[in-house]
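User: Please take a close look at one strand of this model and describe its surroundings. I should like to know how it is paired and what lies around it.

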Amino acid sequence: MKKSTIIFFTVLGILCNAQNFKTKRGIVSLDGVHVAKVSNKSNIYTFMDLGETPMYTMEFIDKSIVDSVRDSYIKLNRVYNRDKTIEMDYISPSAFSGEEKSAVYTSIKGLKVIDNKGINIKNLDEIFQNAPKRKLDSKTKDAYTIRNKIDKLNIEVNKVGEIISNGVPVGYFTNLPVSFGSEDTITDKTFIDIEVYDAKSKYIGKYITTTKQIKTANGKIFTIYREMSGRAALLKFPTYKAIAERMAIMDPNFIKVQEKVIVGDVVKGNAEK
């Protein structure tokens, strides 16, 4: 049997087994019996008992970590304890992802916090006491490591093309297009590459405008993927900040993280010499 056929029947089997629940006008029914209520606001699903007392919320997160790497997961929160939030991997079939059906499927089939008696508080408490660990692949883990390094650098690009890290000038761009200063993205169609230098005017690398690639002085090359559209990665016009950030990752000697500020001795103005 072909792989595609196996996948089809697997998904079909899941969907068929999930047909014993449905949601209509905010009321969750299991085997034809009303068991809970759900409301949706800004992609946050609030699950309530039939008396409309909120019990927990479920939020679907889909965010860009760095470049084309995205992370999709669930945030679960007990209404009475807003500080206690756990993050979990997706559980529902992809056919339901990010929808009310997905939230209900996850609650009934995945977490088993809704059954034929309503919201199962015991099972819900058990999940928060023994929160399942997320299973991140190596690509996602690496992306979070890079993101953490980038955040520590706290890079900004000012109106004259200077690269600032934690408030300190660390480099600058040259060959800036005419649109620089009015736009933070590089959209000009030019054959002149935008170059990056450190604060001591040492050449660090360049952004090749024709191929949307970053190339460091030591020959490392990286193609900028800024966003995702559906399931396909698209080449987007990068921001100057994104180029500086990626250049800092590709060349660790370009920008150093300032761990602490060293302050000299304070001398009073009228101190005797």
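The strand chosen for this close look is S13, residues 194–198.

Analyst: The model is a predicted one, and the description below starts with the strand itself before turning to its neighbours. Of the 5 residues of strand S13, 4 are buried, with under 20% relative accessible area; the strand is therefore largely enclosed by the rest of the structure.

Strand S13 has a pairing partner in S12 (residues 168–174), in the antiparallel sense and over 4 bridges. Within this pairing, Val-196 of S13 is the bridge partner of Phe-173. Strand S14 (residues 203–208) also pairs with S13, again antiparallel and over 4 bridges. Here Val-196 stands opposite Gly-205 of S14. S13 and S14 together make up a hairpin, with 4 residues between the two strands. In the turn, Ser-201 has a positive phi of about 65 degrees.

These pairings belong to an open sheet of 7 strands with antiparallel pairing, in the order S10-S11-S12-S13-S14-S15-S16. The edges are held by S10 (155–157) and S16 (221–223); each has a single partner strand, so one side of each is left without a neighbour in the sheet. From one strand to the next, the twist averages 25 degrees. Helix H5 (residues 240–250) packs on the sheet and touches S13, as well as S10, S11 (162–165), S12, S14, S15 (213–216) and S16. The direction of H5 makes about 135 degrees with that of S10.

Technical notes. Residues are numbered from 1 along each chain as its sequence is written. This is a predicted model: local features need pLDDT of at least 70, side-chain atom pairs count only at pLDDT 80 or more; totals for chains, interfaces and linings use all residues. Side-chain values use heavy atoms; hydrogens and water are left out. Buried means under 20% relative accessible area, exposed over 50%, partly exposed in between (1.4 Å probe, protein chains only). Two strands pair if DSSP finds at least two bridges between them. Axes are lines fitted to C-alpha atoms, for helices over the stretch in contact, and angles run from 0 to 180 degrees between N-to-C directions. Contact means heavy atoms within 4.5 Å.
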